[in-house]
Amino acid sequence: DINIFRFAKKNIPLPLDSNFADKPMNIEKEMLPKHLAIIMDGNGRWAKQQGKQRIFGHEKGAKIVREIIQEASQLGIPYLTLYAFSTENWNRPKLEVEALMHLLSRYLQKEVAIMQKNNIRLNAIGDLESLPSKVRKELYKAMEQTKDNTSTTVSLALAYGGQQELLQMTQQLARKVQQGLLTPEQITPQEIQKALYTQEIPPVDLLIRTSGECRISNFLLWQIAYAELYFTDVLWPDFTPEQLHKALLNYQNRERRFGKTSEQL
């Protein structure tokens, strides 16, 4: 394939999933991303391929969430952020949204014990107050029960939108300026970080999107400024721990320069 030869010759990793990244090598623990973010896409299409309703795909996708969380924790990835429900997802058919909220509530009830067993801390980002009260109750309960766990911090992005996050950050800083607590010159990247949903979480190192779509979809717009992007055609319900390993191997083959030249590294 000419495209594969072109990327290999220039030592540039393929932007899409391919056999090129699947060469035999071990994952280097010291080269793992500190913050892995995943856009979990393709549940509906997977269900359609099976001749079933979309909620069946979401249920299968929830099982994959458990597997990927456990694998990330076992590998030693400190932060994992999962795009579970966007602000735009409220526009989906009412029955599907209700089914998703019910599934989320059930998931939270079932997974706390597993997270406790694996020393995993649950976090959530987004407009959480817009969630149904029952879901909020289960979410806050799960977060409280796991708050002292010290392994992987799993952040569920719920009712989340990157533009919305930047808007609320801007409003928060503007109020501080208005109140005389901050001057415009004191608005630094550090001040912005403190006003984001992810204020205690480092920037994203690797962003994975499943299902073959090659876009960000309003996810962690500030946090992915220097993230490596990995797109795969695999639908989320088929995204196994082995698929995660493939993405991590691809990531570890990349040279992260952050604006510098190779010689400066």
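Begin with the whole chain in view: of the contacts between residues with a separation of 6 or more, 76% join residues 24 or more positions apart. Keep in mind throughout that this is a predicted model. Colour the chain by secondary structure, and eight helices and six strands should appear, which run from the N terminus in the order α-β-α-α-β-α-β-α-β-α-α-β-β-α. If you then colour by burial, the buried residues make up 48% of the 265 residues in the chain.

**Along α4**

Next select α4, residues 94-117. This helix has 24 residues and reaches 35 Å from its first C-alpha to its last, which is close to the 34 Å expected at 1.5 Å a residue. Where should you look for the kink in α4? Centre the view on E111, where the helix bends by about 40°. Continue past the end of the helix to N119, which comes just after α4 and takes a positive phi of about 60°.

**The buried residues of α4**

Now show the side chains of the buried residues of this helix, which are E96, V97, L100, M101, L103, L104, S105, Y107, L108, E111, V112 and M115. As you step through them, recall that an α-helix has 3.6 residues a turn, so residues three or four places apart point the same way. To see what these buried residues of α4 pack against, add α3, β2 (79-86), β3 (121-125), α5 (133-146) and β4 (153-160) to the display.

**E96**

Stay in α4 and select E96. Is this glutamate, E96, buried or exposed? E96 counts as buried because its relative accessible area is 11%, under the cut-off of 20%. Show R54 and H58 as well, since E96 is in contact with both once its neighbours within four places in sequence are left aside.

**The cavity**

Finish with the interior space, where the count comes to one cavity of 30 Å³ or more; the largest cavity has a volume of about 40 Å³. Select R66, I69, Q70, Y107, E111, I114, M115 and I120, the residues that line this cavity. By class, the lining has five nonpolar, one polar and two charged residues. Both α3 (54-75) and α4 supply at least two residues of the lining, and the largest share, four residues, comes from α4. E111 therefore deserves a second look, being a lining residue of the cavity, a buried residue of α4, and, by the bend as computed between fitted axes, the centre of the kink.

Terms used. Residues are numbered from 1 along each chain as its sequence is written. This is a predicted model: local features need pLDDT of at least 70, side-chain atom pairs count only at pLDDT 80 or more; totals for chains, interfaces and linings use all residues. Side-chain values use heavy atoms; hydrogens and water are left out. On a 1 Å grid over the protein atoms alone, a cavity is a set of points where a 1.4 Å probe fits but cannot get out, and a pocket is an open set with protein on both sides within 12 Å along at least five of seven lines; lining residues have an atom within 4 Å of a point. Grid points are joined across faces, edges and corners, and a volume is the space filled by probe spheres set on the points. Ala, Val, Leu, Ile, Met, Phe, Trp, Tyr, Cys and Pro count as nonpolar, Asp, Glu, Lys and Arg as charged, and the others, Gly among them, as polar. The expected span of a helix is 1.5 Å times one less than its number of residues. The bend at a residue is the angle between axes fitted to the seven residues ending there and the seven starting there. Buried means under 20% relative accessible area, exposed over 50%, partly exposed in between (1.4 Å probe, protein chains only). Contact means heavy atoms within 4.5 Å.
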